[in-house]
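Welcome, and please get your viewer ready. We will start at one residue, step out to the whole chain, and finish at a second residue.

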Amino acid sequence: MSSATLYQVKNNIAIISLNSPPVNGLGQAVREGILDNFKKAHADDSVNAIIIASTGKLFCGGADISEFGTEKMSAAPFLGEVLNQLEASQKPVVAAINGMALGGGLELCLVCDYRFASAKAKLGLPEVHLGILPGAGGTQRLPRLAGAVKATEMIVSGKPVSAKEALESGFVDAIHADDSDFLEAALAYTAELIATNAPVKTCADLSVDTSNIPENFFADFRKSIARKTRGFIAPEKCIQCVEASLELDLKAGLEKEADLFMQCMTTSQARAQQHLFFAERAATKIPGIDKNTAIRKIEQVAIIGAGTMGGGIAMNFINAGVPVKVLELKQEALDKGFGVIRQNYEISAKKGRMTQEQVEQRMSLLSGTLSYAELNEADLIIEAVFENMDIKKKVFASLDEVAKPGAILASNTSTLDVDAIASATNRPEDVIGLHFFSPANVMKLLEIVRGSKTADDVLLTSIKMAQLIRKVPVVSENQWGFIGNRVLEPYGREAGRLMLEGASPAQIDKVLYEFGFAMGLPSVMDLAGIDVGYLTRQARKDELAIDPTYAAVSDRLYELGRYGQKTGRGAYIYKGREKIEDPEVMEISKELAEKFGVEQREISDQEILERTVYMLINEGAQVLGEGVSYRSSDIDVVYAYGYGFPAHRGGPMQYADEIGLDKVLASIEKYREELGDYGKLWFTPAPILKELAAAGKTFKSYKPSAFKKT
Ligand code: NAD
C-alpha cells in the first residue's frame, strides 16, 4: 500500500491519515489508500469507529487537478465510489478536519457520519473557479446538511466558510477550540460517540429542508449574481444541481450532478479557468534562477508619495501587518493621503467588513515623514511619485544615500525604463520595478519589472512579497510598456482607428463587453482619462509619427477638453451615473476621416473583435518571442488579473490556442491586405505566431529562449 495514506489503530479506533503533501490532493494513490484502509478497518472486528485525518497542515485541498484530462483521473477507484462506500459504512466514520477542507476534501467530510473541526479550519467548494461544479456529491449532500440557501451561496461563490459558520449551518458537529492536540481531541470525541452509541448516518436518509427557503429564492439568487457571472456557464449549472437536490433522492441527485459536471468539464471555459489556475502558479517560477536562493526579509516598508498609488500600495502592506512609513514633499500631502486611506477603511467598517478596532490597528501601522533620513530602517522602499524620469532619478539618488545596505529600492512606474532609474543609484542590483495597478489595494496583479542588473534574490524576494500581500505576481523584462501596457497598445490603437473608420464608441464597447471584458475600450478611456492617454502618447510622439491617424479621435477629444468622466464628456456624455451616446463624436471622426483620406464604412462586429483582440494576441506573441515574458501563460495572467480579460476565456494566449493560431494568423493577414497602407503599416504577424501556426502548434507549447538556456 502506498504512503499517500497512513493507517493506525488507537483505542479501538482506526485512523486513516491523508499523507500526500503539499495539499493532500485526492489523486489516484490517495483515493486507493483511503478505500483500502477503510476496508481494512471495516473488516477488523476490534475497530469500533474510523477517523479520517490528515498528517499535514490542511485537511485536504480537493481533487488533484493535475490529473484532469489524464488517464489517472479515470483510474480506479473513482472518488465518487470511495465516498459512497464510506457513506454506507456500518461503523461510525468521523472527519477530523484539522485545517482547510476544500472541494473533494469537503465532499469527503460530507459522507462521514460526524465532522469534528479545528476552530481554524475553513470549509469550501471552490470548483466554480475552475469552470466546473463539485462533482463528488457536494451539490447534493451540502444542501441536505446545511440547507439550500447556504449551500447555494457556498457552491456558487466558491468561497470557504469558517468552522464556526459551518457549525452554525449544521455541517460541522463539533469544534475543537482549545490548544490541546487536535488528533487526541478527535479520538476523545469519537470515543464519546462510541460510548453513547451514536448512530451511523447517511445523507440518503435526509431530504433538503424546504421550510426556510425564501419564496423565489433561486430566481432572485440568479438575478443577484447575473452581472458578476456574466458569460460563465458553471455558476448556473451549480444552481441547477442545488435545485435538483430539492426534488430528487440522493442517488438520482448524484446522477444529475454527474451529468451536469460532465457538461461543464468538457467546455472551453473549464479548460480556460483551469489554465489560469496553473498559470498563476507557474508565473512565480523564473527560469535560470536557483530556487534555493535565500530571500531578503521584508519587515518594514517605506513608500515615496502618498497619492493615488502610494496610498493604495501602503494599504496592502498594513493589511498584511507590515508597518509602513510614507514620505511626501509636504505635510498637507501626507495628511490628504492618510485621510483617503482612513476613509477607505471607514467605508469597509461601515459595510461590516472590519471592526473599528481593526481600522485603528491598521492606521497605527502607518507613519509619515518629510525626511529621507527616516527611511534608513526600511527593508523595501517603493517609489510612487509623478511619472517623470528626472523626478524619479532624483528620488532614487536620495534613496541611495539613506537606504540601508540590502534594502530593495522599487519603482511603481508604469512606463519608464527601470534601468535608467536604477542608474541614479550606486546599487542597480537592488533596484526593481513593482508595477501595481489602480486601485492598488484592490487589483490583484503585480507586474514585477526585472532590470538588467536586478539581483536574483531581489527578484525572488519581490515575488514572495507579492504573495504576502495577496497579489498575483508576473515578471516582465524591462521593455517599454512591460507586458501589460505593451500588449495593450495595438488593442487601443485599433479601437481608435475603428472609430475613425466609422464605428461608434458604443458599437466598439458592445462588441468587447459581449466578448466578456468588463468594459469596452472607449469606456475605459473615459474612466482612466483621455488626458492620461494623450500624455502617454506625447512621450512617444516621434515613434508614433509614422501614422498621422494614430489616436486621431482621442487627440481631438483631448484638444476639446473632453477628458472623459472627470469632465463629464469624453467618448460619451456623462450625466451623473448615466452614460449617453454623443453624435458629436461621430461628427468629429467623420471630419477627421475626411482630413486623413480614410474611407468611412459600416464595420461588422466581427471585424471589431478581430482587429482589437487578435492584434492584442499578436503583440503577446511578439512579447513572447522577444523574451519579455517567460511563457505565454504569464501574458494570460497579466490580462486576466490586470486588464479585465474574461477569465472564462483564459487570457488572450489561451483564447488563441483554443480558437487556433492559424485562424488568428489568417485574419491578421487578411486585414494586412484589406486595409491598404494602414494594414501594411501595422498588421505584421509576429514571427512566432507564423512559426507556430505553420507547425500546427499552440502558444502553450512554446518554450522561450530563457528556458532553452537552462
Ligand atoms: P499621484 O499624482 O496621485 O501621486 C503622486 C504623489 O507623489 C503626490 O502625492 C505627490 O505629492 C508625490 N510626490 C511627487 N514628487 C515627489 C517627491 N519628489 N517626493 C515625494 N513625493 C512626491 O500619482 P499616482 O497616480 O499615484 O502615480 C504615481 C506613480 O504610479 C506614477 O509613476 C504612475 O505612472 C504610477 N502608476 C499609476 C497608476 C494609476 O492608475 N494612477 C497605475 C500604475 C502605476
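Select Thr 190 and show its surroundings. In this predicted model, Thr 190 is buried, because its relative accessible area is 1%, and the cut-off for buried is under 20%. Colour residues 182-195 next: they form helix 7, and Thr 190 is part of that helix.

Which residues touch Thr 190, once its neighbours within four places in sequence are left aside? Add Ile 13, Ala 49, Ile 51 and Val 94 to your selection, and you have the residues in contact with Thr 190.

Now zoom out and select the whole chain. Switch to a cartoon view and you can look for 31 helices and 19 strands. The radius of gyration is 28 Å, close to the 27 Å from the globule rule for 710 residues, so the chain is as compact as a globular protein of that length. Turn the C-alpha trace along its principal axes, and the spans are about 90 × 60 × 55 Å.

Try colouring by burial while the whole chain is selected. Of the 710 residues, 55% are buried. If you draw a surface instead, the exposed area comes to about 30,900 Å², with carbon and sulfur atoms supplying 52% of it. For a charge view, pick out the 79 positive and 93 negative charges; their mean positions are 1 Å apart.

A contact map is a good companion here. Among contacts with a separation of 6 or more, 74% join residues that are 24 or more positions apart.

Next, give each domain its own colour. The domain assignment places domain 1 at residues 5-265, domain 2 at 301-478 and domain 3 at 485-694. How far apart are the C-alpha centres of domain 1 and domain 2? Mark both centres and you will find 42 Å between them.

For the last stop, select Arg 271. You will find this residue in helix 11, which covers residues 268-282. Is Arg 271 buried or partly exposed? Arg 271 is partly exposed, because its relative accessible area is 39%, and partly exposed lies between the 20% and 50% cut-offs.

Show the contacts of Arg 271 too. Apart from neighbours within four places in sequence, they are Thr 266, Gln 654 and Glu 658. Finally, add Phe 68 to the view: although 203 residues separate Phe 68 and Arg 271 along the chain, their C-alpha atoms are 9.7 Å apart.

Definitions and conventions: Residues numbered from 1 in each chain as written. Predicted model: local features only at pLDDT ≥ 70, side-chain atom pairs only at ≥ 80, totals over all residues. Heavy atoms only, no water. Helix = DSSP H or I, 4+ residues; strand = E, 2+ residues; numbered from the N terminus. Rg over C-alpha atoms; globule rule 2.2 N^0.38 Å. Buried < 20%, exposed > 50% of the residue type's maximum accessible area, 1.4 Å probe, protein only. Contact = heavy atoms within 4.5 Å. Areas by Shrake-Rupley, 256 points an atom, 1.4 Å probe, with all protein chains shown as cover. Lys, Arg positive; Asp, Glu negative; His and termini not counted. Charge placed at Lys NZ, Arg CZ, Asp CG, Glu CD. Domains from an automatic or database assignment.
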